[in-house]
Amino acid sequence: MPKDNTFEKTMEAMGKMSPDEMKAKMAELTKICICGKCPSYKGTGENRLLFCATGKSGIIKKEKGCVCPACPVTEKLGLRWIYYCTKGTGKEQAGI
Ligand code: SF4
Ligand code: SF4
């Protein structure tokens, strides 16, 4: 377990949510995702968001910068990584 295990704890808590609660949480997080302002996202034709929870983009391939550290979702979930659109979800990058 890493020293800062906020993300792991958050995922454990979210794992106990009902499907409806999870759906509401995903909608709430999608609303505040700032991927749309990211240089790796703009102009690619991608329209998905929340890659940190939903996984890699099938469209974004070039890493031209990542604004995830400035996104409120990073703090909310305790995320520690970047480039979720090319490298995979927080869970995948955490190896959990
Ligand atoms: S951390 Fe990145 S991928 Fe996750 S919601 Fe924020 S901007 Fe989107
Ligand atoms: S995950 Fe990071 S690199 Fe990918 S679109 Fe979102 S902010 Fe940009």
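**Exercise 1. A residue in the loop between α2 and α3**

Leu50 is found in the loop between α2 and α3, in a model that is predicted. Task: describe the backbone of Leu50, decide whether the residue is buried or exposed, and state which ligand has Leu50 in its shell.

*Solution.* Begin with the backbone, where Leu50 has a phi near 55 degrees, a positive value in a residue that is not glycine. The general expectation is that most residues other than glycine have a negative phi. Next, consider accessibility: Leu50 counts as buried because its relative accessible area is 2%, and the cut-off for that term is under 20%. Finally, turn to the surroundings, where Leu50 is among the residues that surround ligand 1 and also belongs to the lining of the largest cavity.

**Exercise 2. Ligand 1 and its cavity**

Task: establish where ligand 1 sits, which residues surround ligand 1, and which helices supply at least two residues of its shell.

*Solution.* The first step is to place the ligand, and ligand 1 sits in the largest cavity, which holds about 90 Å³ of space. The lining of this cavity is formed by Cys33, Ile34, Cys35, Leu50, Phe51, Cys52, Cys68, Cys71, Val73, Thr74, Leu79 and Tyr84. Two elements, α3 and α4, give two or more residues to that lining.

The second step is to list the shell of the ligand itself, which consists of Cys33, Ile34, Cys35, Leu50, Phe51, Cys52, Cys68, Cys71, Val73 and Thr74. Here α3 (51-54) and α4 (72-77) each contribute at least two residues.

The third step is to sort by class: the shell around ligand 1 contains 9 nonpolar residues, 1 polar residue and no charged one, while the lining of the largest cavity contains 11 nonpolar residues, 1 polar residue and no charged one.

**Exercise 3. Ligand 2 and its cavity**

Task: find the cavity in which ligand 2 sits, name the lining residues closest to the centre of the second largest cavity, and describe the shell of ligand 2 by class.

*Solution.* A count of cavities of 30 Å³ or more gives 2, and ligand 2 sits in the second largest cavity. The space in the second largest cavity comes to about 80 Å³. Its lining has 13 residues, of which Cys35, Cys38, Cys66, Cys68 and Cys85 are the closest to its centre. By class, this lining is made up of 11 nonpolar and 2 polar residues, with no charged residue.

Around the ligand itself stand Cys35, Cys38, Ser40, Tyr41, Gly65, Cys66, Val67, Cys68, Tyr83, Tyr84 and Cys85. The shell of ligand 2 has 9 nonpolar residues, 2 polar residues and no charged residue.

One member of this shell, Tyr83, deserves a separate look. Tyr83 lies in the loop between α4 and α5, and its phi is positive, at about 55 degrees, although the residue is not a glycine. Tyr83 is classed as buried because its relative accessible area is 12%.

**Exercise 4. Thr89 and the largest pocket**

Task: locate Thr89 in the helical framework, identify its contacts beyond four places in sequence, and describe the lining of the largest pocket.

*Solution.* Thr89 belongs to the loop between α5 (84-87) and α6 (90-94). With a relative accessible area of 10%, Thr89 is therefore buried. Once neighbours within four places in sequence are set aside, its contacts are Phe51, Cys52, Ala53, Thr54, Gly55 and Tyr84.

Thr89 also lines the largest pocket, together with Phe7, Met11, Met14, Gly15, Met22, Met26, Cys52, Ala53, Leu77, Gly90 and Lys91. This pocket encloses about 180 Å³ of space. At least two lining residues come from each of α1 (6-14), α2 (19-32), α3 and α6, and α1 has the largest share, with 3 residues. Sorted by class, the lining has 8 nonpolar, 3 polar and 1 charged residue.

**Exercise 5. An exposed loop residue**

Task: place Ala70 relative to the helices, decide whether Ala70 is buried or exposed, and give its C-alpha separation from Cys52.

*Solution.* Ala70 lies in the loop between α3 and α4. Its relative accessible area is 62%, so Ala70 is exposed, the cut-off for that term being over 50%. Between Ala70 and Cys52 there is a separation of 18 residues in sequence, and their C-alpha atoms are 13 Å apart in space.

Definitions and conventions: Residues are numbered from 1 along each chain as its sequence is written. Chains are lettered from A and ligands numbered from 1 in the order in which they are written. This is a predicted model: local features need pLDDT of at least 70, side-chain atom pairs count only at pLDDT 80 or more; totals for chains, interfaces and linings use all residues. Side-chain values use heavy atoms; hydrogens and water are left out. A residue is near a molecule or strand if one of its heavy atoms lies within 4 Å of it. On a 1 Å grid over the protein atoms alone, a cavity is a set of points where a 1.4 Å probe fits but cannot get out, and a pocket is an open set with protein on both sides within 12 Å along at least five of seven lines; lining residues have an atom within 4 Å of a point. A molecule sits in a cavity or pocket if more than half of its atoms lie within 2 Å of its grid points. Ala, Val, Leu, Ile, Met, Phe, Trp, Tyr, Cys and Pro count as nonpolar, Asp, Glu, Lys and Arg as charged, and the others, Gly among them, as polar. Helices (H or I, at least four residues) and strands (E, at least two) are DSSP runs, numbered from the N terminus. Buried means under 20% relative accessible area, exposed over 50%, partly exposed in between (1.4 Å probe, protein chains only). Contact means heavy atoms within 4.5 Å. Grid points are joined across faces, edges and corners, and a volume is the space filled by probe spheres set on the points.
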